[in-house]
Amino acid sequence: MPLAHSPTTVPVLVDEAKCIADKGCTVCVDICPLDVLRISELTGKAYMKYDECWYCMPCETDCPTGAVTVNIPYLLR
Amino acid sequence: MNVWSDEIAQADCEVLVIGGGTAGPMAAYKAKTKNPGARVVLLEKANVKRSGAICMGMDGLNNAVIPGHATPEQYTREITIANDGICDQAPVYKYAQRCFEIIQELDRFGIRFLKDETGDYDVKKVHHNGTYVLPMPNGDTVKKALYRQLRRAQVLISNRYMATRLLTGHDSRIAGAIAVNTRTAQFLVIRAKTVILCLGAAGRLGLPHSGYLFGTYENPANSGDGYAMAYHGGAALANLECFQINPLIKDYNGPACAYVAGPFGAYTANNEGRRFIECDYWSGQMMLEFYNELQSGKGPVFLKLDHLAGETIGEIENILHRVERPSRGRFHERRGTNYRERMVEMHVSEIGFCSGHSASGVFVDEFARTTVPGLYAAGDMANVPHNYMLGAFTNGAVAGEHAIDLAAQVDFAAFDDGDVTLERERVLAPTRREDGIPPNQIEYKTRRFVNDYLQPPKVTRKYRIAQERFGEIREDLEGAMVARDPHELLRALEASSILDCAEMAATASLFRTESRWGLYHYRVDHPERDDLNWRCHTILYKVDGVMACEKRAIAPYVVPVDDREQAAYRRQRIPQPA
């Protein structure tokens, strides 16, 4: 039973120009209650790895540079 | 690449608090400040800074018993009635007596409460009888304020550890807990003299109408792990058939919220814009009328604010779009729902367990003790009805103070090392498979069947089918579930808690052969309330590896309730003109 990759559009967006994860910031990854954010090994910036979002907003509120935007997940909009 | 750690870490402590949301931080804080020399560990699946139901704060206290506005006796009576008489009053009365002191303590932590021009607390009326709702103007700062106190008291915080099972000693006392790191899958065995469970509601039980697994009313991290652990640890659970079902903004699936907007003049209305319920306080009886209105053709049901003045609505928006679930403002904006012009469409939520709103939880007494010696429970998962956030804080404090004293009198309970080995095998089984069924599919299927068969009105035949389906999913979960990294393992463990809770919901509901608590336990095959046979608790527990139920008598009331008062919550519907 091989596993498929089903695409979903993710609700949390990170503005890479503003994100300072490559300078060592991990605030959003540290505090996300669902633990769905990670730092990309490719870009050094934060991104939403798992589409398991409560659209609760600590990531956006606590981001020191205003790089994170929380949208309502598409299925709920 | 091997993402799995083989290491087992060990730790000892006097008091282990599991869950760092609302009750947990207060329990840990109280235990540590009462005995600063003791080791108090606070274990959290997410990060204590932003975990639990109040990760974005709270707009107010829903059950503040403040001298001059309400009395502990009046509150205890109101909750007894709201819960159809099924209530051991001692823990409710204890809460009502202590909660004002906790409000003052939160005030000292820097959390402000609304006061009038004379400096008195500006309490609002939302319940049927009493006045208990107190707004929090800076409610967004709650977690920060708590975290500061935990750091100051030097509570040991372990984030990103998910507890999986309790350890029980040879003498049946609590011995500690087993946990796994959600980023590394490292195992942690914590020996503890006392353990306090504060793991929140089982909020990921039913499936939201949107189909989005994480679009729940409760913080979806509250996946019922506490209920499952208490059950497997041998503790009794009470009245699980008294489901949590809430009136929520349709699709968004969060509160609208009538407790905030009601005191300003907003109310629940049908599609004609007319009121149909007497009172917006959440009770099973209120939910039944809400459900009936939806079924009658007078739905959808709405929260109506469009008759209020612009400034009033501005004030309401300033609360609702900033605290608790601030993204609801974004949701309304995208759909063009301006409170000034349009009513907010509401719907009946999926089911869950939560004593914070209804009465489904681990059985506890007035010291937050469960039926397992040395094991405590507080907050949404502990069976103190309609307990809300202030109940979590207050009963967390009660648990912490009692547990730290008990820990000073006892030694660690000896347990079987084989229990750790067995648990490790169970937890890591999904990581040992090359392929199989991923946790999200196991979870989706469980929760869809919860909706199909367990959502009230409850039909016996449907419940029997649900039990068969859950049995089939259990075979898949235990024999074929696969996790490819520690994050998927976290979800796999949650899927296991969810399935446990689904089975408990079915078993407890089938046991109580009457209808009670309005929609929460509306059994079509037993439509009447039967006080003669069922004015008692339903206790669910594990005996010889099997789920069992029994009746438990309600403790004699501390505060008498007369028959006329008992009926207050049953008169919900406003008579409509013919």
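These exercises, each with a worked solution, concern a predicted model.

**Exercise 1. Lay out chain A**

Give the secondary structure of chain A and decide how its radius of gyration fits its length.

Solution.
- Start with the elements. Chain A has two helices and four strands.
- Put them in sequence order. The pattern is β-α-β-β-α-β.
- Apply the globule rule. For 77 residues it gives 11 Å, and the radius of gyration of chain A is 13 Å, which is close; chain A is therefore as compact as a globular protein of that length.
- Add the dimensions. The C-alpha trace spans about 40 × 30 × 20 Å along its principal axes.
- Check burial. Of the 77 residues, 47% count as buried.
- Check the contacts. Among those in chain A with a separation of 6 or more, 52% come from residues 24 or more positions apart.

**Exercise 2. Test helix α1 of chain B**

Compare the expected and actual spans of α1(B), then find what surrounds the helix.

Solution.
- Take the length. Helix α1 covers residues 23-34 of chain B, which is 12 residues.
- Compute the span. At 1.5 Å a residue the helix should span 16 Å; its end C-alpha atoms are 16 Å apart, so the two agree.
- Judge the burial. In α1(B), 10 of the 12 residues are buried, so the helix is largely enclosed by the rest of the structure.
- Name some of them. The buried residues include B:Ala23, B:Pro25, B:Tyr29 and B:Lys32.
- List the partners. The buried residues pack against β1, β2, α3, α4, β8 and α10 of chain B.

**Exercise 3. Place B:Ala378**

Is B:Ala378 buried or exposed, and which residues is B:Ala378 in contact with beyond its sequence neighbours?

Solution.
- Locate the residue. B:Ala378 sits in the loop between β15 and α10 of chain B.
- Apply the cut-off. Buried means under 20% relative accessible area. B:Ala378 has 1% relative accessibility, so it counts as buried.
- Set aside neighbours within four places in sequence. The contacts are then B:Ala23, B:Leu197, B:Cys198, B:Asn395 and B:Gly396.
- Link back to Exercise 2. B:Ala23 is one of the buried residues of α1(B).

**Exercise 4. Look for disulfides**

How many disulfides does the whole structure hold, and where is the nearest cysteine sulfur to B:Cys242?

Solution.
- Search all chains. The count is zero.
- Take B:Cys242. The nearest cysteine sulfur belongs to B:Cys354 and is 10 Å away. A disulfide needs the sulfur atoms within 2.5 Å.
- Take B:Cys279. Its nearest cysteine sulfur, from B:Cys257, is 13 Å away, and B:Cys279 is in no disulfide.
- Check exposure. B:Cys242 is buried, at a relative accessible area of 0%. B:Cys279 also counts as buried, at 8% relative accessibility.

**Exercise 5. Build a sheet in chain B**

Work out the strand order of the open sheet of four strands, its edges and the helices that lie on it.

Solution.
- Write the order. The sheet runs β14-β9-β16-β17, with antiparallel pairing.
- Find the edges. β14 and β17 each have a single partner strand, so one side of each is left without a neighbour in the sheet.
- Inspect one pair. Seven bridges join β16(B) to β17(B), which run antiparallel. B:Lys542 stands opposite B:Met547 in β17(B).
- Add helix α5. α5 of chain B packs on the sheet, touching β9, β14, β16 and β17, and its direction makes about 65° with that of β16(B).
- Add helix α14. α14 of chain B lies across β9, β16 and β17, running at about 40° to β17(B).

Definitions and conventions
Residues numbered from 1 in each chain as written. Chains lettered and ligands numbered in written order. Predicted model: local features only at pLDDT ≥ 70, side-chain atom pairs only at ≥ 80, totals over all residues. Heavy atoms only, no water. Expected span 1.5 Å × (residues − 1). Buried < 20%, exposed > 50% of the residue type's maximum accessible area, 1.4 Å probe, protein only. Contact = heavy atoms within 4.5 Å. Pairing = 2+ DSSP bridges. Axes fitted to C-alpha atoms, helices over the stretch in contact; angles between N-to-C directions. Rg over C-alpha atoms; globule rule 2.2 N^0.38 Å.
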